[in-house]
Amino acid sequence: MIDKQQTIQTYAKSANDTGSTAVQVALLTERIQNLSRHLTENKKDKHGQRGLQLLNGQRRRLLKYLERTNYDEYIALTDQLGIRRGQRIVR
C-alpha cells in the first residue's frame, strides 16, 4: 500500500511542496512498484499492464524534464529511488 503523505514529506523541498517534479516522480514510482507486484500474481490482467505502461511513460516524461532543467537533482533522485538512467543528453 502506498503511504502518500510519507512519500510527499520525504521528497518535498518545503513544507507546502506537494507537486514538485521530485514528489511526482516518487509517487509514480511507488504506484509502479505496487502495480508491478500485482501483475506478477495476475499475469492476464491486460488492463493493468496498459496502466503500468501509461505510468511508466508519465514518469519517463517527468524525468526527462527534470534532467533537462536540473541535472543534479535528477541524478540524486534517480539514485535515491533506484531508477536506472539512460545515456546522458549531450548539450
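**Pocket lining and helix packing**

The lining of the largest pocket comprises four nonpolar, four polar and six charged residues. The structure described here is a predicted model. Rolling a probe the size of a water molecule over the atoms shows where empty space is left. The volume of the largest pocket is about 280 Å³. Its lining is made up of 14 residues, and those closest to the centre of the pocket are Arg60, Leu63, Tyr74, Arg84 and Gly86. Two elements, α3 (46-69) and α4 (71-81), each contribute two or more residues to this lining. Helix α3 supplies the largest share, with six residues.

Helix α4 also holds an aromatic pair. A pair of aromatic rings is described by the distance of the centres and the angle of the planes. One such pair is present in the structure. The pair is formed by Tyr71 and Tyr74, with ring centres 5.8 Å apart and an angle of 40 degrees between the planes, an arrangement classed as tilted. Both residues belong to α4 and are three residues apart, about one turn of the helix. An α-helix has 3.6 residues a turn, so residues three or four places apart point the same way. Tyr71 and Tyr74 are both buried. Tyr74 is also among the residues closest to the centre of the largest pocket.

At the N-terminal end of the helix numbering, α1 spans residues 4-11, and its buried residues are Thr7, Ile8 and Tyr11. Viewed down the axis of α1, these buried residues fall within an arc of 100 degrees, so they line one face of the helix. The exposed residues Gln5 and Gln9 are carried on the face of α1 that is turned away from the buried side. The cover over the buried residues of α1 includes α2 (21-41) and α4.

A further buried position is found in α3, the helix in which Leu62 is placed. The relative accessible area of Leu62 is 15%, and the residue counts as buried because this value is under the cut-off of 20%. Leaving aside residues up to four places away in sequence, Leu62 touches Thr21, Gln24, Val25 and Leu28. For one of these contacts, that with Thr21, the partners are 41 residues apart along the chain, while the C-alpha atoms of Leu62 and Thr21 are separated by 6.6 Å.

Terms used
Residues are numbered from 1 along each chain as its sequence is written. This is a predicted model: local features need pLDDT of at least 70, side-chain atom pairs count only at pLDDT 80 or more; totals for chains, interfaces and linings use all residues. Side-chain values use heavy atoms; hydrogens and water are left out. On a 1 Å grid over the protein atoms alone, a cavity is a set of points where a 1.4 Å probe fits but cannot get out, and a pocket is an open set with protein on both sides within 12 Å along at least five of seven lines; lining residues have an atom within 4 Å of a point. Grid points are joined across faces, edges and corners, and a volume is the space filled by probe spheres set on the points. Helices (H or I, at least four residues) and strands (E, at least two) are DSSP runs, numbered from the N terminus. Ala, Val, Leu, Ile, Met, Phe, Trp, Tyr, Cys and Pro count as nonpolar, Asp, Glu, Lys and Arg as charged, and the others, Gly among them, as polar. Buried means under 20% relative accessible area, exposed over 50%, partly exposed in between (1.4 Å probe, protein chains only). The arc is that of the directions from the helix axis to the C-beta atoms. Contact means heavy atoms within 4.5 Å. Rings of Phe, Tyr and Trp (its six-membered ring) pair if their centres lie within 6.5 Å; planes under 30 degrees apart count as stacked, over 60 as edge-to-face and the rest as tilted.
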